[in-house]
Amino acid sequence: MQYNRILLKLSGESLMGGQKYGIDTTCLESYARQIHEIAKMGVQVGIVIGGGNIFRGLSGTNKGFDRVKGDSMGMLATVINSLALSSALDNEGCKNKVLTAIRMEPIGEFYSKAKAMEYLKEGYVTIMSAGTGNPYFTTDTASSLRAIEIEADAMFKGTRVDGIYTADPEKDPTATKFDKITYDEIYNRGLKVMDLTATTMCKENHLPIIVFNMDQPGNLKKVISGENIGTIVY
């Protein structure tokens, strides 16, 4: 096995499946099965989920919402998604905990590195919600921060495409895929992998990112086992 402890970043949009809004339970169940599969292999799994399927703070600002309040709404959306994933993991028989960056007991426990590490070592899938707890930071940045805090071996970014391409493969049929790419090359090419704050944090802390297609059942286990099915950022 390649990895002992990982941070899995899931986008809120990926939870929509074929819907235009909300949570697709079929998609959620598939994710829970894949996560349980690697947890049973002994991998310690931390998770950060976005909230874009429910509310995105930045787009709310464009509609007249105060940025700070909009970002707070976005953080709450990530908690809803985290609870949904927790419930799906419960149904799979996979023990898990939800931690929140903003105090909201009894919905989840207040996040601290010590608590997250304790749960991970005890074999709990540990879902870290509510972003960083601060406005102006995306869940990409939250996932970078949490990955570094829990001393993860790598961040796994589960998306709808099978890696990083020279352009958006859904729009440009000539786009070609990278097997490996450096952080600097992402900057220089202006590729939209994660926001710059998140990418910089990963670069400065030497945290590799593996981008792969999570919508293909079984891919999470493959990429954890070292199969070359995504793109590694280093």
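Visitor: Which residues does the UniProt annotation "domain: Aspartate/glutamate/uridylate kinase" cover?

Guide: According to the unreviewed UniProt entry, that annotation covers residues 4–213; what you have in front of you is a predicted model, in which the span is 40% helix and 20% strand, with its end C-alpha atoms 21 Å apart.

Visitor: And which residues does UniProt list for "binding site"?

Guide: The unreviewed entry lists Lys 9, Leu 10, Ser 11, Gly 12, Gly 52, Arg 56, Thr 159, Tyr 165 and Asp 168. They are spread over 160 residues of sequence and also spread in space, up to 24.8 Å between C-alpha atoms.

Visitor: Which of these residues does the lining of the largest pocket include?

Guide: The lining of the largest pocket includes Lys 9, Ser 11, Gly 12, Gly 52, Arg 56, Thr 159, Tyr 165 and Asp 168.

Visitor: Where is Ser 11 found, then?

Guide: Ser 11 sits in the loop between β1 (5–10) and α1 (25–40), and, leaving aside neighbours within four places in sequence, Ser 11 is in contact with Ile 49, Gly 50 and Gly 158.

Visitor: Switching to Thr 159: buried or exposed?

Guide: Thr 159, which lies in strand β6 (residues 154–159), counts as buried because its relative accessibility is 16%, and buried means under 20%.

Visitor: What does Thr 159 touch?

Guide: Not counting residues up to four places away in sequence, Thr 159 touches Val 211, Phe 212, Asn 213, Met 214 and Asp 215. In addition, a polar atom of the Thr 159 side chain lies 2.8 Å from the backbone oxygen of Val 161.

Definitions and conventions
Residues are numbered from 1 along each chain as its sequence is written. This is a predicted model: local features need pLDDT of at least 70, side-chain atom pairs count only at pLDDT 80 or more; totals for chains, interfaces and linings use all residues. Side-chain values use heavy atoms; hydrogens and water are left out. UniProt positions are given in the numbering used here, feature names are shortened, and annotations may be inferred rather than shown by experiment. On a 1 Å grid over the protein atoms alone, a cavity is a set of points where a 1.4 Å probe fits but cannot get out, and a pocket is an open set with protein on both sides within 12 Å along at least five of seven lines; lining residues have an atom within 4 Å of a point. Helices (H or I, at least four residues) and strands (E, at least two) are DSSP runs, numbered from the N terminus. Contact means heavy atoms within 4.5 Å. Buried means under 20% relative accessible area, exposed over 50%, partly exposed in between (1.4 Å probe, protein chains only). A polar contact is a pair of N or O atoms within 3.5 Å; within protein, one must be able to donate a hydrogen and the other to accept it, and residues adjacent in sequence count only if both atoms are side-chain atoms.
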